[in-house]
Amino acid sequence: MKRCIFLSLVVMLFCVIGCNDAEKGETAKTLEASETRQYEVFGMDCPGCHGGLEKLVKKIPSVQEAKANWVKKQLIVTLHPEANDEDIYDAIKLANFTVGKRIK
Amino acid sequence: MKKFLLIILVCASLNALILENANAAGISVDAGLTPPQDRWIIRNQFRYMHRKDDPTMMDRKMDTYAFPLVIAYGLRPNLTLMARQRVKHRKMSMAGSISRDTGLDDLFLLAKYKLYRKNTRDYTFGVATTLGMEFPTGDDDFGSETWDLKPGIFTSWRSGPWAADFSTAYQWNGFADKGKDGLNPGNELMVDLAFAHQFSIGGRADMSLSPVLEFNYKHLLSDRLSGQNVSNTGESLFFVSPGLKFTKSSFIMEVLLQFPVWQQQQGSQLRQGTRLIVGTRFMF
């Protein structure tokens, strides 16, 4: 009985470590597979309005980070390389702003 | 998130504390630009209004403290929903005796629809229309006791650090019914013009300070009873209002002083004194 409990605990421990490793691997993979893009955005006019844009862009599954700057009229997004620009453009429209050009 | 909003709504209801009309806008910047979809805005204000210079011998004075709470939500990029609940506290003095009252004002619901918006490298211009409804939910002596309809139009223009906003709204009081004892409260016309210049603080993009200058006009028609104007009701007010707006990311704090540079009251009403507005806005 004691042996069964011990074995079960070991199996569970491996599972936990395995899962953690898998997650780490996935995170590393995600981090490896990311790129930064920069877009020109018109319509942001104060420090308070970029938060709404960042919130919408961060909802896109392939986006890891989004930072808008109303002074530079720019949006910097860290996302999966295969992510579609159209998703970013849609989010910018939902925020009531207008896309200029993709800078980077 | 839902819990947080519920707590705020419950607090506003519990705070429910007056018939000084707290309209005549103030801090009307940004009105023509609808917020992004899924954006929450919680706006809280403290408004102090003072009535004085009694033309009669009764030496009447009135101080009103209003606490409006506004919750707005960007349902669609072109549609914003808004709810406002005001709590008022009123202190009246007459011939040496003082009376105090606290109560809930009417609930006000509003929808704002984006008609036009143009964002360019050099400027942003937006036009929005609103339709609001004030429900007769307020306490006695604080609410209007009528269903009031309030259509309006708002325009906003931005270029670099400069901002200009113009808005006009008409409040059709008692559009569907009459008030207490068949009284038909007078309709209101409000016209507001605001200018602001934004200074970035310490070169930071997430913090700014904006001096604001507003011009607020309000014309309130006389109440009517059996087709006749009721005496001592109806007035016109024109305010010149300097103020300051501080913005830090998703937080705004604003202060505005409204100086009544011109006013005209019907009959023996009290004259309007200087008003103070202090407000905060949280956006998330």
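Here's a quick briefing on two helices of chain A and a run of paired strands in chain B. Keep in mind that this is a predicted model. In chain A, helix H2 is mostly covered, and the buried residues of H3(A) sit on the same side of that helix. In chain B, E15 pairs antiparallel with E14 and also with E17.

**Helix H2 of chain A**
- H2(A) spans residues 50-58, and 7 of its 9 residues are buried.
- The buried set is A:His50, A:Gly51, A:Gly52, A:Leu53, A:Glu54, A:Leu56 and A:Val57.
- Their cover includes strands E1 (35-42), E2 (63-69) and E3 (74-79), plus helix H3 (85-94), of chain A.

**Helix H3 of chain A**
- Buried here are A:Asp85, A:Ile88, A:Tyr89, A:Ala91 and A:Ile92.
- These residues cover an arc of only 160° around the axis, so they end up on the same side of H3(A).
- An α-helix has 3.6 residues a turn, so residues three or four places apart point the same way.
- The buried residues of H3(A) pack against H2 and strands E1, E2, E3 and E4 (98-102) of chain A.
- At the helix start, a side-chain oxygen of A:Asn84 comes to within 3.1 Å of the backbone nitrogen of A:Glu86.
- Just past the other end, A:Asn96 has a positive phi of about 70°.

**Strands of chain B**
- E14(B) (residues 235-248) and E15(B) (residues 251-265) are joined by 12 bridges, with B:Lys245 opposite B:Glu254.
- The two make a hairpin with 2 residues between them, and B:Ser249 in the turn takes a positive phi of about 45°.
- Another 8 bridges link E15(B) to E17(B) (residues 275-283), where B:Val278 is the bridge partner of B:Val255.

Note on methods. Residues are numbered from 1 along each chain as its sequence is written. Chains are lettered from A and ligands numbered from 1 in the order in which they are written. This is a predicted model: local features need pLDDT of at least 70, side-chain atom pairs count only at pLDDT 80 or more; totals for chains, interfaces and linings use all residues. Side-chain values use heavy atoms; hydrogens and water are left out. Two strands pair if DSSP finds at least two bridges between them. Helices (H or I, at least four residues) and strands (E, at least two) are DSSP runs, numbered from the N terminus. Buried means under 20% relative accessible area, exposed over 50%, partly exposed in between (1.4 Å probe, protein chains only). Contact means heavy atoms within 4.5 Å. The arc is that of the directions from the helix axis to the C-beta atoms. A polar contact is a pair of N or O atoms within 3.5 Å; within protein, one must be able to donate a hydrogen and the other to accept it, and residues adjacent in sequence count only if both atoms are side-chain atoms.
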